[in-house]
Amino acid sequence: QVQLVESGGGAAQPGDSLRLSCEASGRTFNNYAMAWFRQAPGKERAFVAAINWSGGSTNGRGRFTISRDNAANTVWLQMNNLRPEDTAVYYCAAILGGYSEYAGSYEYWGQGTQVTVST
């Protein structure tokens, strides 16, 4: 199995930047697509960004950029110009194959890291 551990969350002010990390262990990282999802209280888990093994990526925000270093078994989410509505628990997820925007497609999940954006 694959274990995923997120880190880098915390408190931020509007306009600040944060860089989240997700380190994988267990099975080899080879051929796994990775994604970031987030979940705010009372809301469903929402897609943020995803990246394939080869580095091709997609996201729906522009302010956020996903990247990976396969040799280091690590994926990052660079979050710029944070807004209060970005407040959520951020999760990384892994799937063997191509990425998906749907949480149910992913077989491995981390425990999440809290991001709070407020004045």
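**Exercise 1. Aromatic pairs**

Task: Find how many aromatic pairs this predicted model holds, and describe the one formed by Phe37 and Tyr106.

Solution:
- Step 1. Start with the count: there are six aromatic pairs in the structure.
- Step 2. Now look at Phe37 and Tyr106. Their ring centres lie 5.5 Å apart with 75° between the planes. Edge-to-face pairs have planes over 60 degrees apart, so this pair is edge-to-face.
- Step 3. Place the two residues along the chain. Phe37 belongs to strand S4 (residues 32-39), while Tyr106 is in the loop between S9 and S10. With the two positions 69 residues apart, the pair links distant parts of the chain.
- Step 4. Check accessibility against the cut-off for buried, which is under 20% relative accessible area. Phe37 has 1%, so Phe37 is buried. Tyr106 has 6%, so Tyr106 is buried as well.

**Exercise 2. Tyr91, Trp109 and a charge**

Task: Work out the geometry between Tyr91 and Trp109, then find where Arg45 sits relative to each ring.

Solution:
- Step 1. Tyr91 and Trp109 make an edge-to-face pair, at 6.5 Å centre to centre and 80° between the planes.
- Step 2. Tyr91 comes from strand S9 and Trp109 from strand S10, 18 residues apart.
- Step 3. Tyr91 has a relative accessible area of 13%, so Tyr91 counts as buried. Trp109, at 24% relative accessibility, is partly exposed.
- Step 4. Bring in Arg45. Its charged end sits over the ring of Tyr91, 3.8 Å from the ring centre. Arg45 also lies over the face of Trp109, 4.9 Å from that ring's centre.
- Step 5. Put the rings together: one aromatic cluster is formed by Phe37, Phe47, Tyr91, Tyr106 and Trp109.

**Exercise 3. A serine in a loop**

Task: Decide whether Ser100 is buried or exposed, and list what Ser100 touches.

Solution:
- Step 1. Locate the residue: Ser100 is in the loop that runs between strand S9 (88-96) and strand S10 (108-109).
- Step 2. Its relative accessibility is 13%, so Ser100 counts as buried.
- Step 3. Setting aside neighbours within four places in sequence, the contacts of Ser100 are Phe37, Phe47, Ser105 and Tyr106. Phe37, Phe47 and Tyr106 also belong to the aromatic cluster.
- Step 4. Look at the side chains: a polar contact of 3.2 Å joins Ser100 to Ser105.

**Exercise 4. The four-stranded sheet**

Task: Trace the order of the strands in the open sheet and name its edges.

Solution:
- Step 1. The four strands follow the order S1-S3-S8-S7, with antiparallel pairing.
- Step 2. Strand S1 (2-7) and strand S7 (64-69) are the edge strands, as each pairs on one side only.
- Step 3. From one strand to the next, the twist averages 20°.
- Step 4. Zoom in on an inner pairing: strand S3 (residues 18-26) and strand S8 (residues 74-79) run antiparallel and are joined by six bridges. Cys22 has Val75 in S8 as its bridge partner.

**Exercise 5. A glycine in S3**

Task: Describe the surroundings of Gly26.

Solution:
- Step 1. Gly26 is part of strand S3.
- Step 2. Its relative accessible area is 64%, so Gly26 is exposed.
- Step 3. Beyond neighbours within four places in sequence, Gly26 contacts Gln1 and Gln3.
- Step 4. Gly26 and Gln3 are 23 residues apart in sequence, yet their C-alpha atoms are 6.0 Å apart in space.

Key: Residues are numbered from 1 along each chain as its sequence is written. This is a predicted model: local features need pLDDT of at least 70, side-chain atom pairs count only at pLDDT 80 or more; totals for chains, interfaces and linings use all residues. Side-chain values use heavy atoms; hydrogens and water are left out. Buried means under 20% relative accessible area, exposed over 50%, partly exposed in between (1.4 Å probe, protein chains only). A polar contact is a pair of N or O atoms within 3.5 Å; within protein, one must be able to donate a hydrogen and the other to accept it, and residues adjacent in sequence count only if both atoms are side-chain atoms. Contact means heavy atoms within 4.5 Å. Two strands pair if DSSP finds at least two bridges between them. Axes are lines fitted to C-alpha atoms, for helices over the stretch in contact, and angles run from 0 to 180 degrees between N-to-C directions. Rings of Phe, Tyr and Trp (its six-membered ring) pair if their centres lie within 6.5 Å; planes under 30 degrees apart count as stacked, over 60 as edge-to-face and the rest as tilted. A charge sits over a ring if NZ of Lys or CZ of Arg is within 6 Å of the ring centre and within 35 degrees of the ring normal.
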